[in-house]
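Colleague: Could you take a close look at one part of this model for me? I'd like to hear how two of its helices pack.

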Amino acid sequence: MIKYNNTPSIVVEDNVLSPALCEHIIKFAENKGLADNLINHDGKYIQDKARTSKGIFLSYGDNKVLDGVIEALSDMCGLPPARLEPISIQRYQPGQEYKPHYDGFLPEEMDKMPESSRIKEGGNRCVTMIAYLNDVQDGGGTVFPVLGFANQAVQGRVLMFGNLDENKVVHPASLHMGVAPSSGNKWILTLWFRERDVIVKKKELKKELSKKSSVTRIDKKPVDRDLHEKNVYEEFKKITADRGSMPL
C-alpha cells in the first residue's frame, strides 16, 4: 500500500481483487446490460455530458458476490457499507472519458439536490474507492490535475482518496478525471462513502447481514485472502493516522 498524497489523502494498493474476480464482475455487468449515465437536472434525468462511459448501478444487497467485495473494501477503508451510495460499474471505450470533476458535492449543489440524494441523512461524499478491473496499456488512467498525479489502470488495483478538507468542504485538490483509453476498454468499480449512514439504518443492516451471514462467507472466497488480514487494515490506519490525511 502506497500513500501518494497527504491532504487530500490518496492511497493505492495493488493486487486487491484477483483476476478471476475482476473478470466475474465484468461479465456480470455485461449480462445486466450497460446504459448511459443520467443525472438529475431540475427534476428530469438527462445524459451526463461529463461522463461518456456506459455502466450500471447496484446497491449493497443486490448481488452476493459483489456484497463480499463491498464488505472487504469497506473493511479496508474503515467505513461501513451503510454509508455507501449505489456502487457503479463502468465501461469506457476509446474516446470515452470522465471530464475533470469533484466527487464531493459543492455547497451550492447540496441545496439543489433531489430528496433521493439523501444529503440531509448522509451528508457529503467523504471517501471514494476505485477498483480497476482490467489492465489498460495506453490511456485510461485517473488524473488529479491540481496535484499533478496520475494513476494507471492496473487490474486488481484499488485507488482510495478523500474528497473533503478539515472543514468538511470539498477539497480543491480532489479534482480528478477519468482519461479515455486509446485502445481497448477500461472497466472500473467505484464506491462512494458518505459522512453518515445513507443506505439503511444500522439496525436494518445488521439484520440483513445476519440473514445471509453463511452465504456471504462462501461468496467472499473470490476476494483475495490478504485483503481480510488484520495487518492490511492496521497498515492503512497507520498511514492515514494524521488528522488531515483522510476526513473520515
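Modeller: Here is the helix pair, followed by a short word on a sheet. This is a predicted model, so to speak of local features we ask for pLDDT of at least 70, and side-chain atom pairs count only at pLDDT 80 or more, while totals for chains, interfaces and linings use all residues. Residues are numbered from 1 along each chain as its sequence is written, and side-chain values use heavy atoms, with hydrogens and water left out.

Helix 1 covers residues 19–32 and helix 2 residues 64–77; they pack at about 130 degrees with axes 11 Å apart. Helices here are DSSP runs of H or I with at least four residues, strands are runs of E with at least two, and both are numbered from the N terminus. Axes are lines fitted to C-alpha atoms, for helices over the stretch in contact, and angles run from 0 to 180 degrees between N-to-C directions. That angle makes helix 1 oblique to helix 2 (under 35 degrees is roughly parallel, over 145 roughly antiparallel, 65 to 115 roughly perpendicular, the rest oblique). On the helix 1 side, Leu21, His24, Ile25 and Phe28 make the contact, meeting Val65, Leu66 and Val69 of helix 2; contact means heavy atoms within 4.5 Å.

As for the sheet, four strands form an open, antiparallel one in the order 8-13-10-11, where pairing takes at least two DSSP bridges between two strands. Strand 8 (98–101) and strand 11 (149–151) sit at the edges with a single partner strand each, so one side of each has no neighbour in the sheet. Neighbouring strands are turned by 10 degrees against each other on average, direction ignored. Inside, two bridges join strand 10 (142–144) to strand 13 (176–178), and Thr142 has Gly178 as its bridge partner in strand 13.
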